[in-house]
Amino acid sequence: MLNVLKHPLLTHKLAILRRKETGTKDFRETLEEIAGLMAYEITRDLPVKNITIETPLGKCKTQELAIDVVLVPVLRAGLGMVDGISNLIPTARVGHIGMYRDHVTLVPMTYYSKFPDNLPDAIVMVLDPMLATGGSSTAAIQILKDHGAKSIKLVCVVGAPEGVNRIMKDHPDVQIYLAGLDDKLNDNGYIVPGLGDAGDRIFGTK
Ligand code: PRP
Ligand code: URA
């Protein structure tokens with residue numbers, strides 16, 4: 001299912017990411033902020049359990065998170081979303097999937113993966129700012145399922161209809177979250193209007 005998150009701060013910050021004049025420092029900082037804002041919305045339905053604690057003045061019945069969260073950035077660009085979410089969920093463990101799109105075929109090539117051992121019991125958030133053809137995200141989700149992940153949320157910043165449709169077809173059990181749903185892909189598989197090459201803009205490689 002697709003969830004396009006709506007919030008004035010998200011819209012404002014997404015405009016900063018999209019601007020071609022935005023430099024590496026501001027791009028990186030704003031992406032981190034967007035990831036945090038998205039996580040705040042996405043985690044609304046996380047299960048909690050009742051606990052009793054002692055405050056300095058007495059007993060307090062309250063609640064705490066009842067499930068582990070695992071963050072899985074898709075390298076490189078997904079790395080730019082990790083700190084914004086782990087600032088809010090400091091107990092989250094972090095796995096990694098290394099993947100790049102072949103520039104001609106647009107087929108994702110996987111070069112690395114490493115996951116914590118609580119994957120099967122955790123809420124797993126796949127992080128990648130861009131959902132273009134959907135090839136990278138669908139492959140990343142399949143790798144996670146092959147490693148036992150059962151509850152997966154795909155967190156992207158900008159998506160194209162092609163990518164959304166691909167995920168809904170390949171992984172109908174996965175919730176998709178976007179801050180912006182754009183018009184289309186261009187002939188090179190880039191999202192239009194999009195924000196350009198996320199990895200290059202985060203790491204200053206172009
Ligand atoms: C980008 C982006 C996604 C992928 C999206 O990564 O971060 O992973 O492309 O495209 P898709 O939906 O068509 O698969 P890229 O392959 O450029 O690698 P990089 O992050 O290392 O630059
Ligand atoms: N990857 C990006 O970084 N940007 C796009 O628009 C598509 C894929």
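## Odd backbones and a ligand shell

L106 is found in the loop between β6 (96-101) and β7 (108-114). Helices and strands here are DSSP runs (H or I, at least four residues, for helices; E, at least two, for strands), numbered from the N terminus. L106 has a phi near 65°, which is positive although the residue isn't a glycine. Most residues other than glycine have a negative phi, and most peptide bonds are trans.

A word on the source: this is a predicted model, where local features need pLDDT of at least 70 and side-chain atom pairs count only at pLDDT 80 or more, while totals for chains, interfaces and linings use all residues. Residues are numbered from 1 along each chain as its sequence is written, chains are lettered from A and ligands numbered from 1 in the order in which they are written, and side-chain values use heavy atoms, with hydrogens and water left out.

Back to the backbone, with two cis peptide bonds. One runs from L75 to R76, with omega near -5°, and R76 lies in the loop between β4 (69-75) and α3 (79-86). Another runs from V192 to P193, with omega near 5°; P193 is in the loop between β15 (191-192) and α6 (198-203).

Now for ligand 2. Around it (a heavy atom of the residue within 4 Å) are R101, M130, A132, G189, Y190, I191, G196, D197 and A198. By class, that shell has five nonpolar, two polar and two charged residues; Ala, Val, Leu, Ile, Met, Phe, Trp, Tyr, Cys and Pro count as nonpolar, Asp, Glu, Lys and Arg as charged, and the others, Gly among them, as polar.

Here are polar contacts of ligand 2 with the backbone (pairs of N or O atoms within 3.5 Å):

| Ligand 2 atom | Backbone partner | Distance |
|---|---|---|
| oxygen | I191, polar atom | 2.8 Å |
| nitrogen | G196, polar atom | 2.8 Å |
| oxygen | A198, N or O atom | 2.8 Å |

Taken alone, ligand 2 exposes 240 Å², and the protein buries 88% of that (Shrake-Rupley areas with a 1.4 Å probe).

M130 from the ligand 2 shell also turns up in a sheet, standing opposite V158 in β11. That open sheet has three strands in the order β9-β11-β13, with parallel pairing, where two strands pair if DSSP finds at least two bridges between them. Its edge strands are β9 (130-131) and β13 (180-181), each pairing on one side only. Two bridges join β9 to β11 (residues 158-159).

How values were computed: Polar contact = N/O pair within 3.5 Å; in protein donor to acceptor, adjacent residues only side chain to side chain.
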